[in-house]
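Here's a quick briefing to read with the model open beside you. It goes from single residues out to the whole chain.

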Amino acid sequence: VALGVDMFDCVFPTRTARFGSALVDEGLLQLSKASFVHDFRPIDADCPCPTCARHTRAYLHHIVTHEASACHLLSVHNITYQMRLMRRMAD
């Protein structure tokens, strides 16, 4: 990025979402893990996306292996995350 290179894998945010993973600064949150059953926080408290505003990690854990809507919700978050990351890198 420092040299103007800002090309990233274009399918990474959505492919990662299909496997129940959310992108955060610390890495990946594997929301299918049992540790999220009682985690009522958003994926990222600082994220402005609709998924973080409306859904908890526990809810996403509950639906991630059962409903296709989880892929959509996580894709929205992951794309938002990647866009915010690029903005921070550009500053």
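Ser-75 sits in helix α4, which covers residues 69–90. In this predicted model, Ser-75 counts as buried because its relative accessibility is 13%, under the 20% cut-off. Setting aside anything within four places in sequence, Ser-75 is in contact with Thr-14 and Ala-17.

**The other side of that contact: Thr-14**
- Thr-14 belongs to helix α1, residues 12–18.
- Is Thr-14 buried or partly exposed? Its relative accessible area is 29%, so Thr-14 goes down as partly exposed.
- Outside the four-place window in sequence, Thr-14 touches Ser-75 and Ile-79.
- Thr-14 and His-77 are 63 residues apart along the chain, with 9.5 Å between their C-alpha atoms.

**Helix α3 and what sits on top of it**
- Most of α3 is covered, with six of its eight residues buried.
- Those buried residues are Arg-57, Ala-58, Leu-60, His-61, Ile-63 and Val-64.
- The cover over them includes β2, α2 and α4.
- Arg-57, found in α3, is worth a look: it counts as buried because its relative accessibility is 10%.
- Which residues does Arg-57 touch, not counting those up to four places away in sequence? The list is Leu-29, Leu-31, Phe-36, Asp-39, Arg-41, Pro-42 and Ile-43.

**Two loop residues**
- Ser-32 is in the loop that runs between β2 (27–30) and α2 (50–54).
- With a relative accessible area of 38%, Ser-32 is partly exposed.
- Beyond four places in sequence, Ser-32 touches Gly-20, His-61, Val-64 and Thr-65; His-61 and Val-64 are also among the buried residues of α3.
- From Ser-32 to Arg-57, the C-alpha atoms are separated by 9.7 Å, and the two residues are 25 apart along the chain.
- His-55 is in the loop between α2 and α3 (57–64).
- Leaving out neighbours within four places in sequence, His-55 is in contact with Pro-42, Pro-50, Leu-60 and Leu-73.
- His-55 and Glu-67 are 12 residues apart along the chain, and their C-alpha atoms are separated by 14 Å.

**The nonpolar core**
- The largest nonpolar core has 16 residues, and the members that touch the most others are Ala-22, Leu-29, Leu-31, Ile-43, Leu-60 and Leu-74.
- The elements giving two or more residues to this core are β1 (21–24), α3 and α4.
- Where does Leu-74 make contact, once neighbours within four places in sequence are set aside? Leu-74 meets Ala-17, Gly-20, Ser-21, Ala-22, Leu-31, Ile-43, Leu-60 and Val-64.
- Leu-29, Leu-31 and Ile-43, listed among those well-connected core members, also turn up as contacts of Arg-57.

**The largest pocket**
- The volume of the largest pocket is about 210 Å³.
- It is lined by 14 residues, and Val-24, Asp-25, Glu-26, Ile-43 and Asp-44 are the closest to its centre.
- At least two lining residues come from each of β2 and α4, and β2 gives the largest share, three residues.
- What is the make-up of the lining by residue type? There are six nonpolar residues, one polar and seven charged.
- Ile-43 appears both close to the pocket centre in that list and among the core residues that touch the most other members.

**The whole chain**
- The protein chain has four helices and two strands, and along the sequence they follow the pattern α-β-β-α-α-α.
- How does the radius of gyration of the protein chain sit with that of a compact globule? For 91 residues such a globule would be near 12 Å, and the protein chain has 13 Å, so the two agree.
- Along the principal axes, the C-alpha atoms fill a box of roughly 40 × 25 × 20 Å.
- Of the 91 residues, 37% count as buried.
- Among contacts with a separation of 6 or more, 53% are between residues 24 or more positions apart.

Conventions. Residues are numbered from 1 along each chain as its sequence is written. This is a predicted model: local features need pLDDT of at least 70, side-chain atom pairs count only at pLDDT 80 or more; totals for chains, interfaces and linings use all residues. Side-chain values use heavy atoms; hydrogens and water are left out. Buried means under 20% relative accessible area, exposed over 50%, partly exposed in between (1.4 Å probe, protein chains only). Contact means heavy atoms within 4.5 Å. On a 1 Å grid over the protein atoms alone, a cavity is a set of points where a 1.4 Å probe fits but cannot get out, and a pocket is an open set with protein on both sides within 12 Å along at least five of seven lines; lining residues have an atom within 4 Å of a point. Grid points are joined across faces, edges and corners, and a volume is the space filled by probe spheres set on the points. Ala, Val, Leu, Ile, Met, Phe, Trp, Tyr, Cys and Pro count as nonpolar, Asp, Glu, Lys and Arg as charged, and the others, Gly among them, as polar. A nonpolar core is a set of buried Ala, Val, Leu, Ile, Met, Phe, Trp, Tyr and Cys residues joined through side-chain atoms within 4.5 Å. The radius of gyration is taken over C-alpha atoms; the globule rule is 2.2 Å times the number of residues to the power 0.38.
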